Amino acid sequence: MLFPSFHLCLSLCTCHRKRVKEREIFFFNSKIRTKMESFESNLIKDAHQIDNPHITNNADHGWQKVTYAKRQRKQKQVDSASSAANAVNVNGTVVPKDKSNVFRSLEQQSEERRRRIIESQRAAIAAVEAPVRSKHRSDDEDEDEEDSDDAALPKGNEKVEEKKVKQKKPKKPQVTLAEAAAKIDSADLAAFLADISASYEGQQDILLMRFADYFGRAFSAVSSAQFPWVKLFRENTVSKMIDIPLSHISDAVYKTSVDWINQRSIEALGSFVLWSLDSILADLASQQVGTKAAKKGVQHVSSKSQVAIFVVLAMVLRRKPDALLNVLPTLRESSKYKGQDKLPVVAWMIAQVSQGDLTVGLYSWAHNLLPIVSGKSSNPQSRDIILQLAEKILSYPKARTILVSGAVRKGERLVPPFALEMLLRVTFPLPSATVKATERILAVYPTLREVALAGSTGSKAMKQVALQLLSFAIKAAGESNPELSKEAAGICIWCLTQNNECYKLWDKVYQENLEASIAILKKMSEEWKEVSVKLAPLDTLSVTVKNFRQKNEKALANGEDAARQSFYRDADKYCKLILGKLSRGHYCTKSMAFAVIAVAVGAAFLSPDMESLDWKKLVVVVNSQFSS
């Protein structure tokens, strides 16, 4: 009975082992199937993401993996070749060497399914979206797709090659200003001017434009680099700047031009001067924009040379200086012509005028440039240019004689009263306000002051000038600046010599300008010998000073504040001194008169011919002495 039991137990064990093995095989197959399904789904997702990179998964939090479809295809071809090399043929079916026959069908099905899904998705996308190549491809794509990209973009490459192959135009030879000026023929210019004068007779604006156009063609080959006028004006003094660029023009061409210009009207020439200045300033603005662009790395096209405009404008200003006088008000009032950058151009224009007429040059300087020196916008650079021009004008031969004799031009003063006031204040500033240019201004001040005070003594015009000067000179004389006060007091005394009405004005403002009156009276008493000669006859002065004494005594009697009483006492002291000098002078005058009479009577008795004496003249002399 033991044997059957043994066999039974053995059979039971064998059955149990079979069932355990079958169960293990079942679970193993289930795991393999689950893994294959997961593998297939991942492959499908990867393929979908490869062909649709714009679709993002929320699980990746907005990040995308950069892939390239063509690289995937090439990699797929490489992998297929590699797998083919590692595969074996089993019953006509290619199977990888490292795969078991158990999974052959599953792999074939999954591979076929994945291929169909990818092909269908690509076909759908190709039907919707047209293949567009980006011009800005990455370096990796260029390396991987050289053949395909070159075939797809033949036109773009041809354009690039055309740009590279295109040759630059040959540069024109540089022509200097002197070379272009030397080619201008005076005979040809004269013929041209005669022709346009006949064609455009009476149309002076057109004539001047054609005249400028002739020189524009003559200097068309001169580039702005050959004539950098902004740099030349900045680096040269006014004395050297005057001859830019006219020094290159021959005498024959210059004479032909100025003779023709002399026939044009002042109004037409004034308009032409403004047009030329606008053209120059437009070129200046263009160069300034180019400078800013160069600093930012932007290429700027150089402006056209302005040689012709400068040449023609210089000839017009030298031959017809009055053309500038007509436009001076516009230059003063319009902001378009103001500014530190435009000052060298205006100074150059006034310098050209000075070459033709010194009086017009000084008039332009005093009316348009001197206010800049005394203005708030004054700076060392502007003061230097303006003073250089004044020094140049006064340095011409016989400049002082010419300017003093021509101090009044067509009814207008070269240095008007307002200009003298500005000049007075910039010449005698407070010690704390002294600048480097003060010494240079002080050097030109005496000549400019003389021109400002020049004129026919006692004339109606000079009487008006004296009243205008006295109104500001009295205020300046009362300021707490010793040098300014002394100079202003001298101008006040000059005003008294020109117009007796100035005595009345002084008497009227005496108490309001007590400190100024003290300065004037003090200067009179200290320089009495010279002043008494200039102020003769002295009757009006005597009456005025006596009025001052009465006002002093009345103010001192009223008991005003201590400071004012001190001023009145000082003023009264100088009034007494002047009245004493007047009385002594009057006594001496009377003594001289008696002496003259005695000599005349003695001569009458001693003379054999008493009728030869001119008694009428003697009586006139004696009466004048007593009246004084």
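**Exercise 1. Is Gln 352 buried, partly exposed or exposed, and what relative accessibility does it have?**

Solution. The structure is a predicted model, in which local features need pLDDT of at least 70 and side-chain atom pairs count only at pLDDT 80 or more, while totals for chains, interfaces and linings use all residues. Residues are numbered from 1 along each chain as its sequence is written, and side-chain values use heavy atoms, with hydrogens and water left out.

Step one is the scale: buried means under 20% relative accessible area, exposed means over 50%, and partly exposed lies in between, with a 1.4 Å probe and protein chains only. Step two applies the scale: Gln 352 has 0% relative accessibility and therefore counts as buried. Step three places the residue: Gln 352 belongs to helix H16, residues 343-356, where helices (H or I, at least four residues) and strands (E, at least two) are DSSP runs numbered from the N terminus. Step four lists its surroundings, a contact being heavy atoms within 4.5 Å: leaving out residues up to four places away in sequence, Gln 352 touches Met 241, Ile 242, Ala 314, Leu 317 and Arg 318.

**Exercise 2. State how confident the predictor is in the chain, and find stretches where pLDDT stays under 50.**

Solution. Begin with the term itself: pLDDT is the predictor's confidence in each residue, from 0 to 100. For the protein chain the mean pLDDT is 79, and 66% of its residues reach 70 or more. Next, look along the sequence: over residues 605-613 pLDDT stays under 50, and the model has 4 contacts beyond four places in sequence for them. Residues 617-628 also stay under 50, and for this stretch the model has 14 such contacts.

**Exercise 3. Determine how many disulfides the structure has, and examine Cys 492.**

Solution. A disulfide is a pair of cysteine sulfur atoms within 2.5 Å, and a search of the whole structure by this rule finds 0 of them. Cys 492 is accordingly in no disulfide, and the nearest cysteine sulfur, that of Cys 495, is 6.1 Å away. As a last step, consider accessibility: Cys 492 is buried because its relative accessible area is 1%, and Cys 575 counts as buried because its relative accessibility is 0%.

**Exercise 4. Describe the setting of Glu 487 and name the partner of its side chain.**

Solution. Glu 487 sits in helix H23, residues 482-498, and since its relative accessibility is 17%, Glu 487 counts as buried. Its side chain makes a polar contact with the side chain of Tyr 445 at 2.7 Å; a polar contact is a pair of N or O atoms within 3.5 Å, where within protein one must be able to donate a hydrogen and the other to accept it, and residues adjacent in sequence count only if both atoms are side-chain atoms. With neighbours within four places in sequence set aside, Glu 487 is in contact with Leu 424, Phe 428, Tyr 445 and Arg 449.

**Exercise 5. Compare the settings of two salt bridges, Asp 384 with Arg 440 and Lys 576 with Asp 572.**

Solution. Side chains of opposite charge can pair when their charged atoms come close. A salt bridge is a side-chain nitrogen of Lys or Arg within 4 Å of a carboxyl oxygen of Asp or Glu, and by this rule the count comes to 22.

In the pair of Asp 384 and Arg 440, the closest N and O atoms are 2.9 Å apart. This pair links distant parts of the chain, with Asp 384 in helix H18 (residues 380-394) and Arg 440 in helix H21 (residues 438-453), 56 residues apart. Asp 384 is partly exposed, with a relative accessible area of 29%, and Arg 440 also counts as partly exposed, at 26% relative accessibility.

In the second pair, the side chains of Lys 576 and Asp 572 meet at 3.7 Å, N to O. Both residues lie in helix H28 (residues 562-606), 4 residues apart, which is about one turn of the helix. Lys 576 counts as partly exposed at 46% relative accessibility, whereas Asp 572 is buried, with a relative accessible area of 9%.

**Exercise 6. Locate Pro 245 and Pro 537 and describe the peptide bond that leads to each.**

Solution. The peptide bond from Ile 244 to Pro 245 is cis, with omega near -5 degrees, and Pro 245 is in the loop between helix H11 (238-241) and helix H12 (251-261). The bond from Ala 536 to Pro 537 is likewise cis, with omega near -5 degrees, and Pro 537 is in the loop between helix H26 (528-535) and helix H27 (539-558).
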